[in-house]
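This briefing is meant for a reader who is meeting the structure below for the first time. Please look over the sequence and the model before going on to the notes that follow.

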Amino acid sequence: LNANVKTSREAATFLIKAFMPRYLPWEVIVIRDGKEVRKLNTACNILFTDIVKLLGLDGPYHWVDKKGTPLKWIERNTAVKGDELSANKLVDWFHTYGIMHGYLQMSRQDAEECAAKNALVAVTYKNPDPSHSGHIGIMLENGTLAQAGKGIPFVGHPIEEGFGNHP
(Lines give C-alpha, C1' and ligand atoms only; values in the text may rest on other atoms or scores of the structure.)
Protein backbone atom coordinates (compact mmCIF):
# COMPACT_ATOMS: atom_id res chain seq x y z
CA LEU A 1 0.00 0.00 0.00
CA ASN A 2 1.63 3.23 -1.13
CA ALA A 3 -0.19 6.03 0.66
CA ASN A 4 2.76 8.41 1.13
CA VAL A 5 1.63 9.40 4.63
CA LYS A 6 3.91 10.72 7.35
CA THR A 7 1.66 11.48 10.33
CA SER A 8 -1.02 9.70 12.33
CA ARG A 9 -3.59 12.24 11.07
CA GLU A 10 -2.64 11.59 7.42
CA ALA A 11 -2.68 7.81 7.95
CA ALA A 12 -6.08 7.83 9.69
CA THR A 13 -7.60 10.14 7.07
CA PHE A 14 -6.27 8.01 4.22
CA LEU A 15 -7.43 4.70 5.71
CA ILE A 16 -10.89 5.91 6.66
CA LYS A 17 -11.48 7.43 3.23
CA ALA A 18 -10.05 4.47 1.31
CA PHE A 19 -11.45 1.61 3.40
CA MET A 20 -14.45 3.01 5.33
CA PRO A 21 -16.48 -0.26 5.46
CA ARG A 22 -13.57 -1.98 7.24
CA TYR A 23 -13.91 0.42 10.17
CA LEU A 24 -17.69 0.55 10.57
CA PRO A 25 -19.32 -1.22 13.56
CA TRP A 26 -21.25 -4.45 12.95
CA GLU A 27 -23.83 -6.33 14.98
CA VAL A 28 -23.49 -9.95 16.06
CA ILE A 29 -25.74 -12.22 18.06
CA VAL A 30 -24.17 -14.15 20.91
CA ILE A 31 -25.74 -16.67 23.28
CA ARG A 32 -25.39 -15.67 26.93
CA ASP A 33 -27.04 -17.75 29.66
CA GLY A 34 -29.13 -19.48 26.99
CA LYS A 35 -30.48 -16.20 25.57
CA GLU A 36 -29.68 -14.43 22.33
CA VAL A 37 -27.99 -11.11 22.97
CA ARG A 38 -27.24 -8.55 20.26
CA LYS A 39 -23.76 -7.14 20.52
CA LEU A 40 -22.18 -4.27 18.61
CA ASN A 41 -18.61 -5.00 17.54
CA THR A 42 -16.38 -2.08 16.70
CA ALA A 43 -13.16 -1.79 14.72
CA CYS A 44 -11.15 0.64 16.85
CA ASN A 45 -8.46 -2.03 17.27
CA ILE A 46 -8.30 -2.62 13.52
CA LEU A 47 -7.99 1.07 12.62
CA PHE A 48 -5.31 1.56 15.26
CA THR A 49 -3.20 -1.39 14.13
CA ASP A 50 -3.69 -0.49 10.44
CA ILE A 51 -2.30 2.98 11.19
CA VAL A 52 0.72 1.45 12.96
CA LYS A 53 1.38 -0.73 9.91
CA LEU A 54 0.82 2.07 7.38
CA LEU A 55 3.28 4.32 9.21
CA GLY A 56 5.82 1.47 9.24
CA LEU A 57 6.09 1.50 13.02
CA ASP A 58 7.01 -1.37 15.30
CA GLY A 59 3.97 -3.35 16.56
CA PRO A 60 1.34 -3.92 17.75
CA TYR A 61 -0.47 -5.34 14.75
CA HIS A 62 -3.98 -6.78 14.70
CA TRP A 63 -2.43 -10.21 15.26
CA VAL A 64 0.55 -11.20 17.46
CA ASP A 65 2.24 -14.48 18.28
CA LYS A 66 2.20 -15.99 21.78
CA LYS A 67 5.27 -13.89 22.70
CA GLY A 68 3.54 -10.64 21.71
CA THR A 69 5.54 -10.28 18.49
CA PRO A 70 3.50 -8.60 15.74
CA LEU A 71 2.55 -10.93 12.88
CA LYS A 72 2.27 -9.93 9.26
CA TRP A 73 -0.93 -10.94 7.46
CA ILE A 74 0.67 -13.94 5.75
CA GLU A 75 2.11 -15.22 9.05
CA ARG A 76 -1.23 -15.24 10.85
CA ASN A 77 -2.72 -17.32 8.05
CA THR A 78 -0.13 -20.08 8.22
CA ALA A 79 0.58 -22.73 10.82
CA VAL A 80 1.83 -19.96 13.15
CA LYS A 81 -1.57 -19.12 14.59
CA GLY A 82 -1.59 -15.80 16.37
CA ASP A 83 -3.74 -14.00 18.88
CA GLU A 84 -6.15 -11.32 17.64
CA LEU A 85 -5.81 -8.14 19.67
CA SER A 86 -9.13 -6.64 20.74
CA ALA A 87 -9.06 -3.20 22.38
CA ASN A 88 -8.79 -4.84 25.82
CA LYS A 89 -5.98 -7.10 24.61
CA LEU A 90 -4.18 -4.12 23.06
CA VAL A 91 -4.13 -2.45 26.48
CA ASP A 92 -2.65 -5.66 27.93
CA TRP A 93 -0.12 -5.77 25.06
CA PHE A 94 1.03 -2.21 25.81
CA HIS A 95 1.51 -3.05 29.50
CA THR A 96 3.36 -6.31 28.81
CA TYR A 97 5.28 -5.69 25.57
CA GLY A 98 4.95 -1.98 24.80
CA ILE A 99 8.24 -0.86 26.33
CA MET A 100 10.10 -3.43 24.20
CA HIS A 101 8.62 -1.78 21.10
CA GLY A 102 9.21 1.83 22.17
CA TYR A 103 5.83 2.63 23.73
CA LEU A 104 5.71 4.52 27.03
CA GLN A 105 2.88 5.25 29.45
CA MET A 106 2.55 8.98 30.12
CA SER A 107 0.30 11.72 31.42
CA ARG A 108 -2.26 13.38 29.18
CA GLN A 109 -0.17 16.58 29.12
CA ASP A 110 2.94 14.69 27.97
CA ALA A 111 0.85 12.74 25.44
CA GLU A 112 -0.54 15.97 23.98
CA GLU A 113 3.01 17.35 23.63
CA CYS A 114 4.11 14.17 21.83
CA ALA A 115 1.03 14.23 19.57
CA ALA A 116 1.80 17.87 18.68
CA LYS A 117 5.20 16.62 17.43
CA ASN A 118 3.44 13.96 15.28
CA ALA A 119 4.44 11.02 17.47
CA LEU A 120 2.02 8.08 17.51
CA VAL A 121 0.07 8.38 20.78
CA ALA A 122 -2.40 5.65 21.74
CA VAL A 123 -5.36 6.56 23.95
CA THR A 124 -6.72 3.43 25.60
CA TYR A 125 -9.50 2.20 27.86
CA LYS A 126 -9.63 -1.37 29.18
CA ASN A 127 -13.13 -2.40 30.13
CA PRO A 128 -13.06 -4.04 33.57
CA ASP A 129 -15.80 -6.41 32.37
CA PRO A 130 -13.99 -8.85 30.05
CA SER A 131 -17.24 -9.64 28.22
CA HIS A 132 -17.38 -6.05 26.98
CA SER A 133 -14.98 -4.23 24.70
CA GLY A 134 -12.56 -1.54 25.68
CA HIS A 135 -11.53 1.24 23.32
CA ILE A 136 -8.44 2.57 21.56
CA GLY A 137 -7.81 5.63 19.45
CA ILE A 138 -4.95 7.86 18.38
CA MET A 139 -4.38 11.24 19.97
CA LEU A 140 -3.75 13.98 17.46
CA GLU A 141 -2.66 17.58 17.96
CA ASN A 142 -4.73 19.86 20.22
CA GLY A 143 -6.12 16.94 22.22
CA THR A 144 -8.15 15.58 19.31
CA LEU A 145 -8.66 11.97 18.28
CA ALA A 146 -8.68 9.62 15.31
CA GLN A 147 -10.83 6.55 15.97
CA ALA A 148 -13.32 3.96 14.84
CA GLY A 149 -16.09 3.15 17.29
CA LYS A 150 -19.85 2.83 17.67
CA GLY A 151 -20.55 5.37 14.94
CA ILE A 152 -18.78 6.64 11.85
CA PRO A 153 -14.97 6.66 12.18
CA PHE A 154 -13.56 10.16 12.55
CA VAL A 155 -10.39 12.24 12.58
CA GLY A 156 -9.93 15.42 14.59
CA HIS A 157 -12.84 15.28 17.04
CA PRO A 158 -12.42 15.84 20.81
CA ILE A 159 -11.12 12.81 22.73
CA GLU A 160 -14.20 12.94 24.96
CA GLU A 161 -16.36 12.31 21.88
CA GLY A 162 -14.67 8.96 21.40
CA PHE A 163 -14.18 7.95 25.03
CA GLY A 164 -17.13 9.61 26.77
CA ASN A 165 -16.83 9.31 30.54
CA HIS A 166 -14.20 6.56 30.53
CA PRO A 167 -11.13 7.35 32.64
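Against which elements do the buried residues of α4 pack? In this predicted model, the buried residues of α4 pack against α2 (44–54), β3 (63–64), β5 and β6. The points below begin with the chain as a whole and then return to this helix and to the elements around the chain.

**The chain as a whole**

- The protein chain holds 6 helices and 8 strands, and, when read along the sequence, these elements follow the pattern α-β-β-α-β-α-β-α-α-β-β-β-β-α.
- A compact globule of 167 residues would have a radius of gyration near 15 Å, and the protein chain, with 16 Å, agrees with that expectation.
- Along its principal axes, the C-alpha trace of the protein chain spans about 50 × 40 × 30 Å.
- Of the 167 residues, 41% count as buried, while the area that the protein chain exposes comes to about 9800 Å², with carbon and sulfur atoms supplying 54% of it.
- Among the contacts with a separation of 6 or more, 51% are made by residues that lie 24 or more positions apart in the protein chain.
- The protein chain carries 19 positive and 18 negative charges, and the mean positions of these two sets are 5 Å apart.

**Helices α2 and α4**

- Helix α2 is largely enclosed by the rest of the structure, because 10 of its 11 residues are buried.
- The buried residues of α2 are C44, N45, I46, L47, F48, T49, D50, I51, V52 and L54, and they pack against α1 (8–19), α4, β5, β6 and β7.
- After α2 comes G56, which has a positive phi near 75 degrees.
- Helix α4 covers residues 87–97, and its buried residues are A87, N88, L90, V91, W93 and F94.

**The pair β1 and β2**

- Strand β1 (residues 26–32) and strand β2 (residues 35–41) pair in the antiparallel sense over 7 bridges, and one of the bridge partners is K35 in β2, which stands opposite R32.
- The hairpin of β1 and β2 has 2 residues between the strands, and D33 is found in that loop.
- The phi of D33 is near 55 degrees, a positive value in a residue other than glycine.
- Most residues other than glycine have a negative phi.
- D33 counts as exposed, because its relative accessibility is 78% and the cut-off for exposed is over 50%.

**The pair β5 and β6**

- Strand β5 (residues 121–125) and strand β6 (residues 135–140) also pair in the antiparallel sense, here over 5 bridges, and the bridge partner of V123 in β6 is G137.
- In a regular strand the side chains alternate between the two faces of the sheet.
- The covered face of β5 is formed by V121, V123 and Y125, whereas A122 and T124 make up the uncovered one.
- Beyond β6, in the loop between β6 and β7 (144–147), lies N142, which has a positive phi of about 60 degrees although it is not a glycine.
- N142 is exposed, with a relative accessible area of 74%.

Methods
Residues are numbered from 1 along each chain as its sequence is written. This is a predicted model: local features need pLDDT of at least 70, side-chain atom pairs count only at pLDDT 80 or more; totals for chains, interfaces and linings use all residues. Side-chain values use heavy atoms; hydrogens and water are left out. Helices (H or I, at least four residues) and strands (E, at least two) are DSSP runs, numbered from the N terminus. The radius of gyration is taken over C-alpha atoms; the globule rule is 2.2 Å times the number of residues to the power 0.38. Buried means under 20% relative accessible area, exposed over 50%, partly exposed in between (1.4 Å probe, protein chains only). Contact means heavy atoms within 4.5 Å. Accessible areas come from the Shrake-Rupley method with a 1.4 Å probe; for residues, only the protein chains shown count as cover. Lys and Arg count as positive and Asp and Glu as negative; His and the chain ends are not counted. The place of a charge is taken as NZ of Lys, CZ of Arg, CG of Asp or CD of Glu. Two strands pair if DSSP finds at least two bridges between them.
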